[in-house]
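User: I would like to go through this model one question at a time, with the reasoning set out before each answer.

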Amino acid sequence: KKLLLLNGPNLGILGKREPEIYGTATLADVEESVAKAVADRGWHVVAVQRESEGELIQTIQDNYETVGAIVNPGALMIAGWSLRDALASYPRPWIEVHLSNVWARESFRHESVLAPLADGVIAGLGADGYRLAAQALLARTAG
Ligand code: DQA
């Protein structure tokens, strides 16, 4: 079984990107922690990071057979309507993750067009949020 870990724009530079906001863990660290969290269940992680909305959408369409998804859409949370439609067609549970507490930041980050479709949202817990999302998907998925 495979779990989709999808990261959007500007998340490939995690660790170097405004570390006072996003922390020092790299995307490789995040991918490793998610892989570890699901290894006991025999799940594998399909980890994809893309800068553009179209490529993220294509990745979702190519991964309908995954058991669930963890999605950090970056700023596409704000107005990523096409990404929203792609996630509406995704047939499995998925969790939106933000490293930072977006509600403690600028007001343009306070609304997500994606969150109403998510099974849950985790924000403000840094890289731990991804691991917690993986645990939540494990708990919600039989086998
Ligand atoms: C983010 C929060 C977004 O507002 C921002 O645009 C990002 C990162 C986070 O993980 O905290 O790119 O999704």
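User: In which helix does Tyr22 lie, and what does UniProt list it for?
Analyst: This is a predicted model, and in it Tyr22 belongs to the helix formed by residues 19–22, which is helix H1. UniProt, in an unreviewed entry, lists Tyr22 together with His98. The helix is therefore H1, and the feature in the record is "active site".

User: Is Tyr22 buried, exposed or partly exposed, and which residues does it contact beyond its neighbours within four places in sequence?
Analyst: A residue needs 20 or more other C-beta atoms within 10 Å to count as buried, and Tyr22 has 19 C-beta neighbours inside that radius, so it is classed as partly exposed. Once neighbours within four places in sequence are left aside, the contacts of Tyr22 are with Leu14, Arg17, Leu99 and Ser100.

User: Where is His98 found, and how many C-beta neighbours does it have inside 10 Å?
Analyst: His98, the other residue that UniProt lists for "active site", is found in strand S4. Leaving aside neighbours within four places in sequence, His98 is in contact with Asn72 and Ala123. His98 counts as buried because its C-beta neighbours inside 10 Å number 23.

User: What is the largest C-alpha distance between the residues listed for "active site"?
Analyst: The residues that UniProt gives under this feature are Tyr22 and His98. They are spread over 77 residues of sequence and yet cluster in space, with a largest C-alpha distance of 9.1 Å.

User: Which residues carry the feature "binding site", and how far apart are the farthest two C-alpha atoms?
Analyst: According to UniProt, again in an unreviewed entry, the feature "binding site" falls on Asn72, Asp85, Leu99, Ser100 and Arg109. These positions span 38 residues in sequence, and they do not all gather at one spot, because the farthest two C-alpha atoms are separated by 24.4 Å.

User: Which of the classes buried, exposed and partly exposed applies to Leu99, and which to Ser100?
Analyst: Leu99 lies in the loop between strand S4 (94–98) and S5, and Ser100 is likewise placed in the loop between S4 and S5. Leu99 has 24 C-beta neighbours inside 10 Å and so counts as buried. For Ser100 there are 17 other C-beta atoms within 10 Å, so Ser100 is partly exposed.

User: What residues does Ser100 touch, not counting those up to four places away in sequence?
Analyst: Ser100 is one of the positions that UniProt places under "binding site", and it sits in the loop between S4 and S5. With residues up to four places away in sequence not counted, Ser100 touches Ile21, Tyr22, Arg105, Ala123 and Gly124.

User: How do the residues of the shell around the ligand divide into nonpolar, polar and charged?
Analyst: The ligand is surrounded by Asn10, Asn72, Gly74, Ala75, His98, Leu99, Ser100, Val102 and Arg109. Glycine is counted as polar in this scheme, and the shell divides into 3 nonpolar, 5 polar and 1 charged.

User: What is the strand order of the open sheet, and which strands stand at its edges?
Analyst: The open sheet has 5 strands with parallel pairing, in the order S2-S1-S3-S4-S5. Two of them have a single partner strand each, so one side of each is left without a neighbour in the sheet; these edge strands are S2 (44–49) and S5 (120–123).

User: How many residues of S3 are buried, and how many bridges join S3 to S1 and to S4?
Analyst: Both faces of S3 are covered, with Gly68, Ile70 and Asn72 buried on one side and Ala69 and Val71 on the other. S3 is largely enclosed by the rest of the structure, because 5 of its 5 residues are buried. Asn72 in S3 is the bridge partner of Asn7, while Ala69 pairs with Trp94 in S4. The bridges to S1 number 5, and those to S4 number 3.

User: What is the phi of Asn10 near, and of Glu18?
Analyst: Asn10 lies in the loop between S1 and H1, and Glu18 is also placed in the loop between S1 and H1. Glu18 is exposed, since 11 other C-beta atoms lie within 10 Å, whereas Asn10, with 14, is partly exposed. Each has a positive value in a residue other than glycine: phi of Asn10 is near 70 degrees, and that of Glu18 is near 30 degrees.

Terms used:
Residues numbered from 1 in each chain as written. Predicted model: local features only at pLDDT ≥ 70, side-chain atom pairs only at ≥ 80, totals over all residues. Pairing = 2+ DSSP bridges. Helix = DSSP H or I, 4+ residues; strand = E, 2+ residues; numbered from the N terminus. UniProt positions renumbered as here; feature names shortened; annotations may be inferred. Buried ≥ 20, exposed ≤ 12 C-beta atoms within 10 Å, placed from the backbone. Contact = placed C-beta atoms within 7 Å. Near = placed C-beta within 6 Å.
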